[in-house]
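Q: Could you take me on a close look at the second largest pocket? I would like to know how much space lies in it and which residues line it.

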Amino acid sequence: VAMAYLAWRLAQRWCPSSLQVISFPVVQLHLNRTAMRASQKDFENAMNQVKLLKKDPGNEAKLKLYALYKQATEGPCNMPKPGVFDLINKAKWDAWNALGSLPKETARQNYVDLVSSLSSSLESSSQVEPGTDRKSTGYETLMVTSEDGITKIMLNRPTKKNALNVEMYHEIMHALKAASKDDSAITVLTGNGDYYSSGNDLTNFTDIPPGGVEEKAKNGAILLREFVGCFIDFPKPLIAVVNGPAVGISVTLLGLFDAVYASDRATFHTPFSHLGQSPEGCSSYTFPKIMSPAKAIEMLVFGKKLTAGEACAQGLVTEVFPDSTFQKEVWTRLKAFAKLPPNAMRISKEIIRNREKEKLHAVNAEECSVLQGRWLSDECMNAVVNFLSRKSKL
Ligand SMILES: CCCCCCCCCCC/C=C/C(=O)SCCNC(=O)CCNC(=O)[C@H](O)C(C)(C)COP(=O)(O)OP(=O)(O)OC[C@H]1O[C@@H](n2cnc3c(N)ncnc32)[C@H](O)[C@@H]1OP(=O)(O)O
């Protein structure tokens, strides 16, 4: 029953709710569109279109495509279920199996529809409107706006507590690079919904490439190093507006921000040991400097969760505001900052931060290399499997 429940939870995660409703314990598929039927030619065109996508559509979309393709070509899944540690094949099996007895023609149509929606959304993501006041809706996982001299990068996966999936890592890097060159004076990172961010999306560990977990860990370390590097090198004032709880990498990165404003609802939690992992985001260097080595160890090694007030007392947070007035007070202040001469702000940040840059890049490289080893450990694997099978939560 537990395994069936897990399959159902994973299926919920990976199956498009607009196409079907899945209920437990009996898997029922209620299709809301049966009228249209894609021809074999449409299906083949869609398969070719997938190869031409300019951007990676992300793991969730790839699993949906895989499942629909298998269903359309082979019918219902009757393969043996892969073992619990064979994460990638198990995820694929779950996605396919969750389609139940969906007819081949419907799967074909759903595949064609999905490719068409991916093509249009990924095409538009490369277009940024020119001008000073602009809104970029092209991102899949972010909302990026630029007005009043402020570029706001909002993490936008509120139903997943703004967990950072691989696509979000890439989009944040893209948004930061664009913000570093645009005409805004300051850049703000914040979260949509009740969380600032729940940190690394633990399903990032499930998409294992043909080279196996070693290759996955190596690629993860390369991605993480590049990602953190963008924060180290960001040239303008970078401000975090921490609207709610923050976990993992969303906390450690705060040591690289120029100001951190938090709602009194926010908490700061880095449960790395619980997850069999180790600190990143340069926190092994910035946290002991900011708050003393002993306080840093309480957070980074023992996983002590801080309230916003505690984080402020320890220097990680610049100022705490009551949640009821948080947005109003913070944005009023930020708008005033953004009116200051941008070049003076950039040059002042440079002189304050630059002498640490080389050190920070070295720390980043070392942390990523240590984490690469941690991701291959049983401690880490067990923590991820426990979360995904809903046996544990922070
Ligand atoms: C080899 C790997 C390569 C990886 C690629 C590079 C990676 C770089 C990695 C850098 C290292 C980073 C480390 C970290 O950030 S460690 C911190 C990781 N985060 C967690 O452990 C948090 C896990 N989440 C929770 O414990 C709870 O969800 C939480 C306490 C945050 C909220 O609980 P609550 O009960 O309020 O809400 P739900 O649990 O129901 O959550 C709602 C849905 O959101 C999903 N969710 C939330 N957080 C995550 C997450 N971090 N990863 C994946 N999914 C997450 C949750 O599952 C719910 O989804 P469903 O509605 O579908 O069930």
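A: Happy to! The second largest pocket holds about 430 Å³ of space. Here a pocket is an open set of points on a 1 Å grid over the protein atoms alone, where a 1.4 Å probe fits, with protein on both sides within 12 Å along at least five of seven lines; lining residues have an atom within 4 Å of a point. The volume is the space filled by probe spheres set on the points, which are joined across faces, edges and corners.

Keep in mind that this is a predicted model: local features need pLDDT of at least 70, side-chain atom pairs count only at pLDDT 80 or more, and totals for chains, interfaces and linings use all residues. Residues are numbered from 1 along each chain as its sequence is written, and side-chain values use heavy atoms, leaving out hydrogens and water.

Now for the walls. Of the 20 lining residues, K62, L63, Y66, K92 and D207 are the closest to the pocket's centre. Two elements, α3 (59-74) and α4, each give two or more residues to the lining, and the largest share, six residues, comes from α3. Helices are DSSP runs (H or I, at least four residues), numbered from the N terminus. By type, the lining has 14 nonpolar, three polar and three charged residues. Nonpolar covers Ala, Val, Leu, Ile, Met, Phe, Trp, Tyr, Cys and Pro; charged covers Asp, Glu, Lys and Arg; the others, Gly among them, are polar.

Where does the pocket lie? It lies between domain 1 (40-120) and domain 2 (142-393), because both give residues to its lining. These bounds come from an automatic or database domain assignment.
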